[in-house]
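Visitor: Please give me a close look at one part of this model. State the cut-off for each term once, and bring in other parts only where they help.

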Amino acid sequence: MAAGAAAGAWVLVLSLWGAIGGGQNITARIGEPLVLNCKGAPKKPPQQLEWKLNTGRTEAWKVVSPQGGPWDSVAHVLPNGSLLLPAMGIQDEGTFRCRATNRNGKETKSNYRVRVYQIPGKPEIVDPASELMAGIPNKVGTCVSEGGYPAGTLSWHLDGKPLLPDGKGVSVKEETRRHPETGLFTLQSELMVNPARGGAPHPTFSCSFSPALPRRRALHTAPIQPSVWEPVPLEVQLVVEPKGGAVAPGGTVTLTCEAPAQPSAQIHWMKDGIALPLAPSSVLLLPEVGPQDQGTYSCVATHPSHGPQESPAVSISILETGEEGPTAGSVGGSGLGTLALALGILGGLGTAALLIGAIIWRRQQRQREES
């Protein structure tokens with residue numbers, strides 16, 4: 001098993017050699033071996049070299065001796081002077097330095113900055129929505145990526161194009177958790193959208209994980225394609241009793257809000273465009289109406305699948321003193337006025353007839369006396 005690990009390490013060091021030659025930054029996969037070459041060191045003993053490392057396992061620089069020691073399970077020097085780390089972990093991130101002197105007395109230094117990574121499993125969308133409703137916020141689903149290091153990022157896409165939060169029709173709620181033992185990250189991203197009315201009936205959503213380290217490919221979820229439907233607007237009506245909204249001082253007015261979505265709709269009341277501080281109810285009763293109750297009233301019906309819908313407004317007014325509103329089984333005030341006017345006219349005509357008759361009788365009496 002040791003020979004196999006050593007062979008794998010040599011394969012890794014060969015694959016990293018090009019990167020080492022061009023720079024000192026190295027990335028290694030968690031759990032795999034890593035070999036760091038000590039430049040200028042003789043290939044065979046006797047050798048004059050020293051490895052020093054400063055990682056998450058040390059509080060300061062630690063010297064690793066070619067003669068071996070208690071750190072051999074974490075890092076030890078190979079016969080050719082290279083440093084072998086049998087199984088890289090998050091605590092092995094840090095700086096590694098080697099100083100070697102060849103047989104001619106020339107000193108060579110090597111310096112490496114090592115970072116580790118772990119590719120997470122393929123991300124997936126959990127609790128995907130099968131349908132969305134136009135005009136209101138909808139949860140599309142939650143994208144989850146587990147077991148990655150460093151954390152990386154999650155991104156949403158709509159019809160193959162990046163979907164960015166705008167604070168209006170698109171919002172994203174993100175959460176990052178780290179496992180207390182392994183140190184690996186779990187990312188979650190919840191997408192909310194407000195589809196526009198008249199938009200695409202079957203939009204395609206997907207999510208991708210982008211590693212925090214460069215030159216690493218993104219991982220993509222399987223796409224989902226919910227359907228979008230547009231609700232029929234609610235027809236909210238306001239019924240007032242008595243009809244017309246005119247009432248005598250001290251009378252009672254009953255306002256009833258009628259919405260097709262009842263009883264699941266919540267009804268709130270407005271007066272002169274301002275919400276009334278009342279508990280939701282489909283009926284608003286105004287007992288003993290006074291001047292303070294006059295105004296324009298409307299109701300707002302709110303349903304989870306439709307949003308708020310406001311009724312046409314009605315006006316509540318108080319009749320002037322002496323006026324009476326029409327009631328069932330009684331003669332209206334205007335009818336009484338007409339009757340009084342007719343009686344007055346008849347009385348006037350009768351009086352005029354009596355006066356004319358008296359005048360004619362008087363003239364006839366005078367003519368008789370003269371003859």
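Guide: Two strands are said to pair if DSSP finds at least two bridges between them. Strands are DSSP runs of E with at least two residues, helices are runs of H or I with at least four, and both are numbered from the N terminus. This is a predicted model, in which local features need pLDDT of at least 70 and side-chain atom pairs count only at pLDDT 80 or more, while totals for chains, interfaces and linings use all residues. Residues are numbered from 1 along each chain as its sequence is written, and side-chain values use heavy atoms, with hydrogens and water left out.

An open sheet comes first. Its 4 strands follow the order 13-12-16-17, with antiparallel pairing. Strand 13 (161-163) and strand 17 (219-220) are the edge strands; each has a single partner strand, so one side of each has no neighbour in the sheet. The partner of strand 13 is strand 12 (residues 153-158), and 3 bridges hold this antiparallel pair. One residue pair can be named here: H157 has P162, in strand 13, as its bridge partner.

The part for the close look is strand 25, residues 295-303. Of the 9 residues in strand 25, 7 are buried (under 20% relative accessible area; exposed is over 50% and partly exposed is in between, with a 1.4 Å probe and protein chains only). Strand 25 is therefore largely enclosed by the rest of the structure.

Three pairings of strand 25 can be followed in turn. Strand 22 (residues 266-271) runs antiparallel to strand 25 and is joined to it by 6 bridges. Within that pairing, Y297 of strand 25 stands opposite K271. Strand 27 (residues 314-318) is also antiparallel to strand 25, with 3 bridges between the two. Y297 appears here as well, standing opposite V314 of strand 27. Strand 26 (residues 307-310) pairs with strand 25 over 4 bridges, again in the antiparallel sense. In this case T302 is bridged to P308 of strand 26.

S298, another residue of strand 25, gives a view of the surroundings. Its relative accessible area is 5%, so S298 is buried. If neighbours within four places in sequence are set aside, S298 has contacts (heavy atoms within 4.5 Å) with L238, H268, W269, M270, E310, S311, P312 and A313. Of S298 and E310, it can be added that they are 12 residues apart in sequence, with 6.9 Å from C-alpha to C-alpha.

Strand 11 (residues 138-148) offers a parallel case for reading burial. Here 8 of the 11 residues are buried, so strand 11 is largely enclosed by the rest of the structure. Strand 9 (residues 124-126) is joined to strand 11 by 3 bridges, and the two run antiparallel. V126 faces T142 of strand 11 across that pairing. Strand 15 is antiparallel to strand 11 as well, through 9 bridges, and N138 stands opposite V193 of strand 15.

T186 is a residue of strand 15, which covers residues 185-193. T186 counts as buried because its relative accessible area is 15%. Beyond four places in sequence, T186 is in contact with V144, S145, E146, G147, E175, T176 and R177.

The side-chain packing can be read through nonpolar cores (sets of buried Ala, Val, Leu, Ile, Met, Phe, Trp, Tyr and Cys residues joined through side-chain atoms within 4.5 Å). The largest has 23 residues, and those that touch the most other members are L36, L49, W51, L83, F96 and V114. At least two residues of this core come from each of strand 1 (25-29), strand 2 (34-36), strand 3 (48-55), strand 6 (83-85), strand 7 (94-101) and strand 8 (107-117). Another core lies apart from it and has 20 residues, including V240, V247, L286 and C299.

Some totals give the setting. The protein has 371 residues, 34% of which count as buried. Its secondary structure consists of 2 helices and 27 strands. Among contacts with a separation of 6 or more, 62% are between residues 24 or more positions apart.
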